[in-house]
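Thank you all for coming; I would like to take a few minutes to walk through one model with you. Please have the sequence and the structure open while I talk.

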Amino acid sequence: MKNTIKKEFDITNSQYGVIQSSVAIVNTVLPVIGGIFIDAFGTIPGALITTLLITSGNILVAISASSKSLYMMIFGRILYGIGSGTVVIVQETILSQWFRGRSLAAVVALMLTVSRLASFCAQATVVPIANWTGWYGYGLWFSALLCVFSMIITFIYIGLLKTISKTTGQCRRQIEVIKRKKSFSWSKLMYLPHSFWLIASMEFLLGGGWGCFLHINSDARAAATASVAQVLPVILMPFLGVFVDRHGKRTWLMIGSGLSMLSSMFLLEFTETPPIFGMLLFSISLSLGPVGLVSSVPIILPLSLVGTGMGLIKSSTNIGAALFDIATGLLQDADPHKGYDGVIEFFIMVSCLAVIAGSVLYVLDYSIYNSILDRSARKGCRNDENKLNNPNRLTLLKANYLYGFIYFSLACTSWVMFFRFIMA
């Protein structure tokens, strides 16, 4: 859809990057606020607000196709971004509350599988819908209708929670955890461990890189090739979830994800092999990384910080996506042939940094944290129970001032770049 939107709105690659980054830009900060909100008020209000924002945003994007209003499209994407960034935190927090011990990684993997399947279907069908109907806007309206359906599912979930009364003691306890309002103190952020920030840095590099790379395709053939990257995650993620529950090895999955992305970039840039092989390697990265990264946060944080931690992780992803979307647009505009050589080299650098971060995390986890991230669910079950009985088990870490400063600086940079190019 990139070429179609550029033609319809008469914009450059950099301006298209702004449209893409408008989803990510609002989520450079809001997921943190959303995570704190969820930790303080529970997941039910969070689910209602986020699905409403997502639906409203997609409807505005669909309307903008008729009016050809770039600012309406950007505003709709911003609303969608506000909701979509936080709804993932809601989902992951709900899973952390309902599923513990052996089943957490498996259900997280199942959620990611459904997400990737939806992404694959969207990327593979949006251009055919436009070609079949004769207008690209119908694809956007189809997306808006799916969002309306998801809002209905949210109401059904909330209704089911209200009807569950005669349950076991354990189930009632879980429901109370989900429904109850809690307190939040900013001082809790000073207890985030080193390992958490390394995971956040990998989300910044890998998460930002995945989303940006999958959206730089410019025509139907490129979109179809890029959609191949969504295939393997749909197949592999459920098995990877079971693997993590049984054997752990989360840091191995993270390092493998970085190496797979690095290999795919080398294959695409420096060999004559068909692009589909490079995209298959890229899809391995998309399979390994999310399962290892997302399932690690509830392992290293107490339940009272899971929502906030997930918010910071999602925020890191979107800071990376916002910066990478605009940076790749600039690199493509600077290329005399408007090609992708500079873009691929940029992603090679990102992949190398991700591998380094993953290796440091492995050493740190082994030497300081007793390999907690590489334990199986069976071995980690006792640690999970300790999180319920002793939520304040983490120690104060002064290095969080430095980590917070880096995070804040990157967030500010993404906003400056966004407004620099939206006003161009």
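When I speak of a helix here, I mean a DSSP run of H or I that is at least four residues long, with the numbering starting from the N terminus. In that sense Val-148 belongs to helix H7, and please keep in mind throughout that this is a predicted model.

Let me stay with that residue for a moment. Val-148 has a relative accessible area of 35%, so it counts as partly exposed, since that term covers what lies between the 20% and 50% limits. Val-148 is also one member of a nonpolar surface patch, together with Ile-59, Ile-63, Trp-141, Phe-149, Ile-152, Ile-153, Ile-156 and Leu-160, and the accessible area of the patch comes to about 750 Å². Two elements, helix H4 (43–67) and helix H7 (137–163), each give two or more residues to it, and H7 provides the largest share, with 7 residues.

Now to the backbone, where two residues other than glycine have a positive phi. For Lys-249 the angle is about 60 degrees, and this residue sits in the loop that joins helix H11 (231–247) to helix H12 (250–270); Lys-249 is partly exposed, at 27% relative accessible area. For Ser-371 phi is near 55 degrees, and its place is the loop between helix H16 (341–367) and helix H17 (377–389).

Finally, which residue lies 10.0 Å from Ser-359, C-alpha to C-alpha? That is Leu-198, although the two are 161 residues apart in sequence. Ser-359 itself is part of helix H16 and is partly exposed, with a relative accessible area of 31%.

Technical notes: Residues are numbered from 1 along each chain as its sequence is written. This is a predicted model: local features need pLDDT of at least 70, side-chain atom pairs count only at pLDDT 80 or more; totals for chains, interfaces and linings use all residues. Side-chain values use heavy atoms; hydrogens and water are left out. Buried means under 20% relative accessible area, exposed over 50%, partly exposed in between (1.4 Å probe, protein chains only). Patches are made of residues with over 30% relative accessible area and no salt bridge: like charges are joined within 9 Å, nonpolar side chains (Val, Leu, Ile, Met, Phe, Trp, Tyr) within 5 Å. Accessible areas come from the Shrake-Rupley method with a 1.4 Å probe; for residues, only the protein chains shown count as cover. A salt bridge is a side-chain nitrogen of Lys or Arg within 4 Å of a carboxyl oxygen of Asp or Glu.
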